[in-house]
Amino acid sequence: MVRLASLDMYRKVPVDLLEGTRRGSILSTLAVFTMGLLFFLETKAFLSSTLKTNLALDGNTESQIRVNFNVTMMDLKCEFATIDVVSVLGTQQNVTQHVQKFNLNQQGIREGYGKRNRKQHDVQLFDITIEDTIEELHADGEDAVSLDENMLNIALQANTYVFVDFFASWCSHCRDLAPTWETLAEVMAEVAENRVEDKLENSGQEHDYSDEEYQAAVEVELPVLIGKVDCVDHHDLCMKRQIQAYPTLKFFVDGEEKGDYRGHRTVVEMAHFIEEMEKEHKGKDADTDVSTTEAKDVAADRTLQSPEHEEYARELSAGRHKITHSWQDSEHPGCQLSGFLLVDRAPGNFHIQAQSKSHDLAAHMTNVSHIINDLSFGKPMSKYFIKEGLKNTPEGFLESTRPFNGNVYVTRNEHEAHHHYLKVITTEFDAEKMNKKSFDKNTKKFTAPSPTRAYQILQSSQLSLYKNDIVPEAKFTYDLSPIAVSYEKSYRAWYDYFTSVMAIIGGTFTVVGMLESGIHSVSSKKRR
């Protein structure tokens with residue numbers, strides 16, 4: 001017992017030897033207040049958490065990654081807008097799965113078909129029943145009239161109906177269509193000649209016209225003027241007419257444009273289109289002579305020379321789709337593309353460009369100015385998840401996953417397009433209020449949920465220049481970072497908390513005691 005008593009660290013001083021002072025009461029109160037304040041702050045710090053950032057090699061084993069997008073093309077028609085995906089593992093052209101297109105008018109308002117992903121219509125690009133070459137058809141003269149700006153204006157004033165092929169000499173589709181277009185012009189000329197002969201026969205007059213007079217009479221009876229404009233030679237005219245792709249077939253009535261022809265490019269089908277346009281102009285119920293009706297019969301006689309040709313014409317007419325030929329004040333419609341792509345987890349790109357199976361596009365008329373309404377990687381976040389599930393992420397995390405949103409990229413010159421570069425960083429975190437344990441039937445145990453995965457994006461953009469014969473494209477190049485980021489909450493250990501509490505109590509008591517001793521010593525010397 002003696003040895004234990006010698007180890008006593010809490011020896012007692014007799015109460016008779018202790019003296020209370022006013023100064024000691026004040027310092028004691030200060031000590032208690034200080035200990036209480038520090039205890040409160042320490043407890044608050046213990047119950048709270050800090051966000052810890054970790055870096056590690058990306059262990060994501062998924063073979064593909066989802067790209068969510070909503071992009072508005074400000075001056076590109078939906079019929080031309082396509083999406084291609086390119087990576088080191090392969091190429092996907094004209095991706096249509098999970099992609100929706102919305103037509104936009106010149107004010108940017110949705111119209112036409114909505115939420116439908118229409119593939120480009122596969123029209124017959126030329127009449128396969130015409131075996132003569134364009135040189136052979138031109139041997140007896142050209143019936144399709146070559147027009148320049150002045151001649152086109154005269155033709156539109158002098159003729160009720162004018163059908164014009166805007167083409168480029170380098171365009172392969174235009175070269176394929178040339179014999180068909182010339183044959184259509186010959187059909188209209190033959191119809192006019194038949195009408196002149198019928199009038200002469202009905203009037204009982206004999207043919208005493210000179211060649212020039214007879215040709216003038218044929219031109220008067222011509223139901224439709226078939227013309228053509230070479231956009232290489234008449235660049236300004238085609239720019240004024242907003243020709244974006246070759247060939248573009250435009251129909252005019254009384255000098256006003258009534259729309260583009262988008263049906264099958266065969267003589268019979270185009271003759272049917274001309275007849276329908278004349279009926280629409282004169283009124284379907286009006287008791288008037290439709291001068292172009294005979295053209296269908298003449299076209300059939302000229303092109304359908306065998307049962308195979310007749311079957312071919314029947315197949316095309318059976319699949320004939322209804323075309324609306326409404327004219328808009330502005331020839332700058334837009335297109336909104338939205339949906340998602342599943343791309344390989346490898347460096348690559350996807351781009352929005354103008355393409356057509358039935359046209360060769362004019363590079364100088366292709367404008368890929370665009371607005372990025374939304375662009376992100378991974379599973380889309382719901383509004384509830386954004387509100388409740390991102391509490392374990394740093395401030396500004398949501399914006400870092402979609403830095404392009406709301407950006408506008410306008411090209412003001414020809415042969416330009418914006419290219420975007422994206423560094424995609426895999427990021428994992430625990431979703432607040434969603435990290436409940438789940439029961440594993442195999443192990444018969446509750447397991448912690450796997451962390452939520454999102455993708456942060458480091459982005460940059462630049463304006464790129466194109467060669468004059470290359471169609472510009474809005475390009476998005478992405479590269480996945482091999483380093484992944486993870487966020488997790490970090491809590492203090494319980495023993496660390498208790499150590500701090502003890503330090504607060506002992507430290508405060510000691511410091512205040514030293515302060516009291518110092519004050520007592522000073523005051524004692526003054527008394528002496």
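# Exercises on a predicted model

**Exercise 1. Compare the length of helix H2 with the span expected for its residues.**

Solution. Helix H2 covers residues 22-47, which is 26 residues. At 1.5 Å a residue, H2 should span 38 Å. The C-alpha atoms at its ends are 38 Å apart, which agrees. The structure is a predicted model, and the values here are computed from it. As a further step, look along H2 for buried positions: they are Leu27, Ala31 and Glu42.

**Exercise 2. Do the same for helix H8, then list its buried residues and inspect the residue just after it.**

Solution. Helix H8 (residues 267-282) has 16 residues. At 1.5 Å a residue, 22 Å is expected; from first C-alpha to last, H8 reaches 23 Å, which is close to that value. The buried residues of H8 are Val267, Val268, Glu269, Met270, Ala271, His272, Phe273, Ile274, Glu275, Met277 and Glu278. Just after the helix comes Gly283, with a positive phi of about 100°.

**Exercise 3. Work out the order of the five-stranded open sheet, and find which helices lie across it.**

Solution. Begin with the strand order, which is E7-E9-E8-E11-E12; the pairing is mixed. The edges are E7 (145-146) and E12 (256-260), each of which pairs on one side only. Next take one pair from the sheet: E8 (residues 161-167) and E9 run parallel and are joined by six bridges. Within this pair, Val162 has Leu225 in E9 as its bridge partner.

Now add the helices. H4 (residues 149-158) lies across E8, E9 and E11 (248-253), and its direction makes an angle of about 155° with E8. H8 lies across E8, E9, E11 and E12, at about 135° to E8.

**Exercise 4. Trace the pairing from strand E2 through E16 to E17.**

Solution. Strand E2 (residues 64-73) and strand E16 (residues 370-377) are antiparallel and joined by seven bridges. One bridge can be followed by residue: Val71 has Ile372 of E16 as its partner. Continue from E16 to E17 (residues 407-409); this pair is also antiparallel, with three bridges. Ile372 has Asn407 as its bridge partner in E17. Ile372 is thus a bridge partner of Val71 and of Asn407.

**Exercise 5. Describe the largest nonpolar core and the strands that build it.**

Solution. The largest nonpolar core has 38 residues. Those with the most contacts inside it are Leu341, Leu375, Phe377, Leu422 and Tyr478. At least two residues of this core come from each of E2, E3 (81-87), E13 (334-344), E14 (348-354), E16, E18 (416-429), E21 (452-465) and E22 (473-480). E2 gives the most, with five residues.

Take Leu422 as an example. Leaving aside neighbours within four places in sequence, Leu422 is in contact with Leu375, Phe377, Phe404, Ile457, Leu458, Phe476, Thr477, Tyr478 and Asp479. Apart from the largest core lies another, of 22 residues, including Leu184, Ile226, Phe251 and Phe273.

**Exercise 6. Find the disulfides, give their handedness, and state which parts of the chain the Cys78 to Cys335 link ties together.**

Solution. There are two disulfides. One joins Cys78 to Cys335, S to S 2.1 Å. About its S-S bond the angle is 100°, and the link is right-handed. Cys78 lies in the loop between E2 and E3 and Cys335 in strand E13, so the pair ties together parts that are 257 residues apart in sequence. Buried means under 20% relative accessible area. Cys78, at 3%, is therefore buried, and Cys335, at 0%, is buried too.

The other disulfide joins Cys231 to Cys238, S to S 1.9 Å. Its torsion about the S-S bond is about -85°, so this disulfide is left-handed. Cys231 is buried at 3% relative accessibility, and Cys238 is buried at 3%. With the bonded cysteines numbered in sequence order, the pairing is 1-4, 2-3.

**Exercise 7. Decide whether Val232 is buried, partly exposed or exposed, and list its contacts distant in sequence.**

Solution. Val232 sits in the loop between E9 (225-230) and helix H7 (235-240). Its relative accessibility is 42%, so Val232 counts as partly exposed. Beyond neighbours within four places in sequence, Val232 is in contact with Phe167, Ala168, Ser169 and Trp170. Trp170 is 62 residues from Val232 in sequence, while their C-alpha atoms are 8.5 Å apart in space.

Key
Residues numbered from 1 in each chain as written. Predicted model: local features only at pLDDT ≥ 70, side-chain atom pairs only at ≥ 80, totals over all residues. Heavy atoms only, no water. Pairing = 2+ DSSP bridges. Helix = DSSP H or I, 4+ residues; strand = E, 2+ residues; numbered from the N terminus. Core = buried A, V, L, I, M, F, W, Y, C linked by side-chain atoms within 4.5 Å. Buried < 20%, exposed > 50% of the residue type's maximum accessible area, 1.4 Å probe, protein only. Contact = heavy atoms within 4.5 Å. Disulfide = S-S within 2.5 Å. Expected span 1.5 Å × (residues − 1). Axes fitted to C-alpha atoms, helices over the stretch in contact; angles between N-to-C directions.
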